[in-house]
Amino acid sequence: MGCGALAIKGMRPLRMARFIQQELAMILLTHTRNPLLQEVVVTHVKMSPDLHLATVYYRVMGNTPVEIYQEALDGARKFLEHTLGPSLRLPFLPELIFVFDEKLEEALRLDRLFERIERESEDAE
């Protein structure tokens, strides 16, 4: 298998991840009865190379603790997998794993840290 074939093979998980992200966003908004799930924003999805596992990263728009959203997503996992399944056109249902996307909090924390360091260096001068 040449390098080109490996690159093409690697594209399928990326395409499937993008598709699942779009479909899940629509399902969460239109097919769920739990209002908490309608506040979930899917930020990105990572697929395993064999497409059997989809790690779904999410953020929330509400003020409820993240643990409550995580419980709601975990509780709705089978429903979401089965609702998503027919549109995937795969002979199996990928397992969905939900993970809160902490990148924004980390970026804000680093930003505050840099601002504090800058203030302290200005005060020291």
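How many helices and strands does the protein have? There are three helices and three strands, and along the sequence they run in the order α-β-β-α-β-α. The model is predicted, so colour it by confidence before selecting anything.

**Confidence.** The mean pLDDT of the protein is 86, with 84% of residues at 70 or more. Select β3 for the highest confidence, at a mean of 97, and helix α3 (residues 103–124) for the lowest, at a mean of 71. Then select residues 1–8: pLDDT stays under 50 there, and the model gives this stretch one contact beyond four places in sequence. Where pLDDT is low, the predicted coordinates should not be read in detail.

**The core.** Show side chains next. Buried residues account for 32% of the 125 residues. The largest nonpolar core holds 28 residues, and I20, L24 and L80 have the most contacts inside it. At least two residues of this core come from each of α1 (3–30), β1 (40–47), β2 (53–60), α2 and β3 (95–100). Helix α2 gives the largest share, seven residues.

Centre on L24. Leaving aside residues up to four places away in sequence, L24 touches V42, V56, L80, L84, L96 and F98. For the protein as a whole, 58% of the contacts between residues at least 6 apart in sequence join residues at least 24 apart.

**Helix α2.** Select residues 66–88, which form α2. A straight helix of 23 residues would span 33 Å at 1.5 Å a residue, but α2 spans only 28 Å between its end C-alpha atoms. Look at R77, where α2 bends by about 55 degrees. The buried residues of α2 are Y69, Q70, A72, L73, A76, L80, E81, L84, G85 and L88. Just past the helix, select R89, which follows α2 and has a positive phi, near 55 degrees.

**Q70.** Go back along α2 to Q70. Why does Q70 count as buried? Its relative accessibility is 19%, and the cut-off for buried is under 20%, so Q70 falls on the buried side. Now display the neighbours of Q70: beyond four places in sequence, Q70 touches Y58, F98, V99 and F100. With F98 there is also a polar approach, in which a polar atom of the Q70 side chain lies 3.0 Å from the backbone oxygen of F98. F98 is thus a place to end the tour, since F98 is touched by L24 and by Q70.

Methods. Residues numbered from 1 in each chain as written. Predicted model: local features only at pLDDT ≥ 70, side-chain atom pairs only at ≥ 80, totals over all residues. Heavy atoms only, no water. Helix = DSSP H or I, 4+ residues; strand = E, 2+ residues; numbered from the N terminus. Buried < 20%, exposed > 50% of the residue type's maximum accessible area, 1.4 Å probe, protein only. Polar contact = N/O pair within 3.5 Å; in protein donor to acceptor, adjacent residues only side chain to side chain. Contact = heavy atoms within 4.5 Å. Core = buried A, V, L, I, M, F, W, Y, C linked by side-chain atoms within 4.5 Å. Expected span 1.5 Å × (residues − 1). Bend = angle between axes of the 7 residues up to and from the residue. pLDDT = per-residue confidence, 0-100.
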